[in-house]
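User: I should like to learn how to read the overall fold and one helix of a protein model. Could you guide me through them in order?

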Amino acid sequence: MEKSNLDSLCFKFFREFSRYEYCLKVTQPKLQDGKAMANWDLYAKDVEQVFTSCKDPDFVAAIDYFIKHPPRKQVVKDGALDWDATPLKEQRIALKIFVLIRRVRNNLFHGGKFNGKWFEPERSEALMLHALIILKICGQSHPDVSKAYVDKAL
């Protein structure tokens, strides 16, 4: 993918991820005063059946990609930036995939994949595209999130 197209995809990914977190925050029970956070663990429980029953080929391919090529977590090791490829031990597929999608966001937002030029542009593209597919299908399958997404259109 060309740099400008990858930049546009990154913008789309950030926009959709932010909008998605907004929808989770407005549709979920508030756990405590002071923290406005999306509860991805609760949401994963709500949409677990999508991961086990959806036959959409793009969705299945996106899950497969994340399982086979999970984004690594950027860490500091011996005083230098490094990547931790330790596999997640989480067995629940929905929760595991949402942790990995948030890792994509973190790696992009916190500078692990871009410093004015893209590191591993093909991999970044694949991860963002697959994450968008997963978020879209899960969001459409959850009545409250789907309604919040439409009602609060930007």
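Analyst: The discussion below moves from the whole chain to helix H2. This is a predicted model, in which local features need pLDDT of at least 70 and side-chain atom pairs count only at pLDDT 80 or more, while totals for chains, interfaces and linings use all residues. Residues are numbered from 1 along each chain as its sequence is written, and side-chain values use heavy atoms, with hydrogens and water left out.

User: How many helices and strands are there in the chain?

Analyst: Helices (H or I, at least four residues) and strands (E, at least two) are DSSP runs, numbered from the N terminus. The chain has six helices and two strands, in the order α-α-α-β-β-α-α-α.

User: What radius of gyration does the chain have?

Analyst: The radius is taken over C-alpha atoms, and the globule rule is 2.2 Å times the number of residues to the power 0.38. For 154 residues a compact globule would have a value near 15 Å; the chain has 16 Å, which agrees.

User: Which residues of H2 are buried?

Analyst: An α-helix has 3.6 residues a turn, so residues three or four places apart point the same way. Buried means under 20% relative accessible area (1.4 Å probe, protein chains only). In H2, Trp40, Tyr43, Ala44, Val47, Val50 and Phe51 are buried.

User: Where is the kink in H2 centred?

Analyst: A bend is the angle between axes fitted to the seven residues ending at a residue and the seven starting there. In H2 the kink is about 50° and is centred on Asp46.

Terms used:
Buried < 20%, exposed > 50% of the residue type's maximum accessible area, 1.4 Å probe, protein only.
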